[in-house]
Amino acid sequence: MATVIDAPAGLEGVVVAETAIGDVRGDEGFFHYRGHPAPALALTQPFEAVWHLLHCGHLPSPAELAAFTSETAALRGLPPDVLAALPLIARTGTLMSALRSALSLAGQDARPWLDLETEERAGTALRLAALLPTLAASVWRARCGLAPLAPDPALGLAADYYRMATGRTPSPQQAQAVERYLLLTIDHGFNASTFTARVVASTGADLTAAAVAGLAALSGPLHGGAPSRVVDMLREIGSIDAARSWVERALDAGQRIMGFGHRVYRTEDPRSAVLKGTARSLGGSTVALALEVERVALEILDAKYPERRLRTNVEFYAGVVLHEIGLPPELFSPTFAVSRMVGWMAHVLEQAGHNRIIRPASRYAGPIYAG
Ligand code: ACO
């Protein structure tokens, strides 16, 4: 019989796989994509270069980047039956649940990866990641009663996503802000949605199933659903003067302050550090309020949890940046999904490359009745 080991709640600190895609070092405040420091990539590379890094295993040469950019831009369009179904799908539930349904429909090659050749798997992974920006923007527009906008292959993925979602071509500053955010959120160790996608992939299921499962996990407020709540919180706080008493009251009432704390980081989340810089360069009253809320919240959280070192996580300034560039809060989690899809797909392909079904055990803790 196999040895049974009790894992800690939430699997904290348990290594469940080997990966060559990336890593997070929580005590150092560092994360990387295939060995390249991710914040540096976010400050210097276009989205497609880092997508190429994750998908193909290396940063592209200029010629490879040009070829990959036009190959993926050509995959951005939605199938006609998906476009036709959008008005109905968009009405269901939240934007994230509508996106989940739309992604299920759009993933038309629903053959288990177990039945696909390696090349076919890679092609499907690329197509799913390429169409998610169009899908997210189009579901959002359908929800607002607006017709979808066709992709513009002359634009990079980040700028085109912004354009398709808002109907406005982004200014260079807006395009850079959205691209930085996307670059910083492509991958991040064995977070809940990546783990979920790999669990589904480990069954041999189709790639869309793994992507939809990742999307479902990402929708929770303890994972990718937090940034819109950060904006709600800042709106509720209202003014710099009210920041301290609001945070104290919330903690006294046992609430969690959105955008703070992280399972792995015991330092400031490095993604937050980059996005704080982006927020500062954008300026505005929400940014000023956020800086003050961060200052007082860290003071208060440090006094309350001296051992835990709760710091600002990616969601805090992500919410602020996305708000400042004019994306509506409902689009924040779908925007996160646009980049994380690239990470999920890399993980799914890696899982498929050396698969063993992920099947842990549980310990029964309920009553036993006499039969
Ligand atoms: N505000 C107030 N207290 C907090 C916060 C917070 N944001 N985060 C953690 N704590 C407290 C907990 O209440 C707990 O205290 P206790 O021991 O008295 O019960 C202690 O710190 C440890 O917290 P855990 O729940 O054990 O931390 P865990 O690693 O399980 O959770 C999480 C991490 C989910 C991110 C948590 O910090 C949280 O809920 N933050 C707010 C939501 C948020 O910002 N989510 C986005 C995460 S980033 C991402 O997924 C991309």
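Author: Welcome! One definition helps from the start: a molecule sits in a pocket if more than half of its atoms lie within 2 Å of the pocket's grid points. Please keep in mind that this is a predicted model.

Reader: Thanks! In which pocket does the ligand sit?

Author: The test is the one just given, with more than half of the molecule's atoms within 2 Å of the grid points. By that test, the ligand's place is the largest pocket.

Reader: Which residues are closest to the ligand?

Author: Around the ligand there are 22 residues. To count as near, a residue needs a heavy atom within 4 Å of the molecule. Of these surrounding residues, the closest are R256, I257, G259, F260 and R263.

Reader: How far is an oxygen atom of the ligand from an N or O atom in the side chain of R256?

Author: Side chains with such an N or O atom include that of H223, at 3.1 Å from a ligand oxygen. For R308, the distance between a side-chain N or O atom and a ligand oxygen is 3.0 Å. For R256, the distance is 2.9 Å.

Reader: And how much of the ligand's area does the protein bury?

Author: Start from the ligand taken alone, which exposes 920 Å². The share of that area buried by the protein is 76%.

Reader: Let's turn to the protein itself. Is E18 buried or exposed?

Author: E18 belongs to the segment before β1, the strand at 22–25. Leaving out neighbours within four places in sequence, E18 has contacts with R198, E350 and H354. Because its relative accessibility is 69% and the cut-off is over 50%, E18 counts as exposed.

Reader: How far apart in space are E18 and L78?

Author: Along the sequence, 60 residues separate E18 and L78. In space, from C-alpha to C-alpha, the separation is 34 Å.

Reader: Which residue shares a polar contact of 3.1 Å with K276?

Author: K276 lies in helix α13, which covers residues 270–282, and it is buried because its relative accessibility is 16%. Beyond four places in sequence, K276 is in contact with E268, L291, E294 and Y317. From side chain to side chain, the partner in the 3.1 Å polar contact is E294.

Reader: Which helices do the buried residues of α11 pack against?

Author: Helix α11 runs over residues 227–237, and its buried residues are P227, S228, V230, V231, M233, L234 and I237. An α-helix has 3.6 residues a turn, so residues three or four places apart point the same way. The helices packed against by the buried residues of α11 are α12, α14, α15 and α16.

Reader: Which residue follows α11?

Author: Look just past the end of α11 for a phi that is positive, near 85°. The residue with that phi is G238.

Reader: What is the approximate phi of R309?

Author: R309 lies in the loop between α14 and α15. With a relative accessible area of 39%, it is partly exposed. Its phi is positive although R309 is a residue other than glycine, and the value is near 50°.

Reader: Last one: is T185 buried or exposed?

Author: T185 is in the loop between α8 and α9. Not counting residues up to four places away in sequence, T185 touches Y33, V314, F336, S339 and R340. The cut-off for burial is under 20%, and because the relative accessibility of T185 is 1%, it counts as buried.

How values were computed
Residues numbered from 1 in each chain as written. Predicted model: local features only at pLDDT ≥ 70, side-chain atom pairs only at ≥ 80, totals over all residues. Heavy atoms only, no water. Helix = DSSP H or I, 4+ residues; strand = E, 2+ residues; numbered from the N terminus. Buried < 20%, exposed > 50% of the residue type's maximum accessible area, 1.4 Å probe, protein only. Contact = heavy atoms within 4.5 Å. Polar contact = N/O pair within 3.5 Å; in protein donor to acceptor, adjacent residues only side chain to side chain. Areas by Shrake-Rupley, 256 points an atom, 1.4 Å probe, with all protein chains shown as cover. 1 Å grid on protein atoms, 1.4 Å probe; cavity = no way out; pocket = protein on both sides within 12 Å on 5 of 7 lines; lining within 4 Å.
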